[in-house]
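Here are my notes on this one, point by point. Have the structure open while you read.

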Amino acid sequence: VQLQASGGGSVQAGGSLRLSCVVSGRTYSISTVGWFRQAPGKEREFVAIINWNGNTYYADSVKGRFAISGDISKNTVSLLMNNLKPEDTAVYYCAASRYNSRRRPEDFGSWGQGTQVTVSS
């Protein structure tokens with residue numbers, strides 16, 4: 001499974017960005033696609049996931065501001081980020097897991113290359 005993330009950039013606080021993740025390869029083996037982020041000096045953290053059945057889950061820090069959407073069977077998952085805050089600044093990664101509803105980075109076996117999101121105050 002290969003993943004390609006895109007859509008990062010620089011915005012001011014309160015702005016919006018949409019990240020996209022294209023999944024290729026043995027997509028039939030995927031149960032969950034997720035977005036994670038890693039800020040300098042911090043551990044990689046869960047942001048949002050979408051399961052094969054369309055169920056979604058969010059980190060409390062982004063709930064109500066971010067929306068994950070897409071269809072794993074159609075190989076594209078997006079993350080719409082609204083009302084961005086400086087603390088959202090990080091490299092964002094999309095990842096795929098064979099397991100359902102997992103949120104730990106170690107449960108995701110395939111990772112994209114990451115895309116930088118920078119939010120200025």
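1. Let's start with Asp71, which lies in strand E7; strands here are DSSP runs of at least two residues, helices (H or I) are runs of at least four, and both are numbered from the N terminus. Asp71 counts as partly exposed at 28% relative accessibility, where buried means under 20% relative accessible area, exposed means over 50%, and partly exposed is in between (1.4 Å probe, protein chains only). From Asp71 to Ser10 the C-alpha to C-alpha distance is 27 Å, with their positions 61 residues apart in sequence.

2. A word on provenance before going further. This is a predicted model, so local features need pLDDT of at least 70 and side-chain atom pairs count only at pLDDT 80 or more, while totals for chains, interfaces and linings use all residues. Residues are numbered from 1 along each chain as its sequence is written, and side-chain values use heavy atoms, with hydrogens and water left out.

3. Now the aromatics. Searching the whole structure turns up 5 aromatic pairs; a pair needs Phe, Tyr or Trp rings (the six-membered one for Trp) with centres within 6.5 Å, and planes under 30 degrees apart count as stacked, over 60 as edge-to-face, the rest as tilted. Phe36 and Phe46 make an edge-to-face pair, because their planes are at 70 degrees, with ring centres 6.1 Å apart. That pair links distant parts of the chain: Phe36 belongs to strand E4 (residues 32–38) and Phe46 to strand E5 (residues 45–51), 10 residues apart.

4. Are these two rings' residues buried or exposed? Phe36 is buried at 0% relative accessible area, and Phe46 is buried too, at 14%. Both belong to one aromatic cluster with Tyr93, Phe108 and Trp111.

5. Take a look at Arg44 as well. Its charged end sits over the ring of Tyr93, 3.9 Å from the centre, and Arg44 also lies over the face of Trp111, at 4.7 Å from the ring centre. The criterion for a charge over a ring is NZ of Lys or CZ of Arg within 6 Å of the ring centre and within 35 degrees of the ring normal.

6. Finally, the backbone. Most residues other than glycine have a negative phi. Asn75, however, has a positive phi near 70 degrees; Asn75 is in the loop between strand E7 (66–71) and strand E8 (76–81) and is partly exposed at 25%. Ser101 also has a positive phi, about 65 degrees. Ser101 sits in the loop between strand E9 (90–97) and strand E10 (110–111), partly exposed at 27%.
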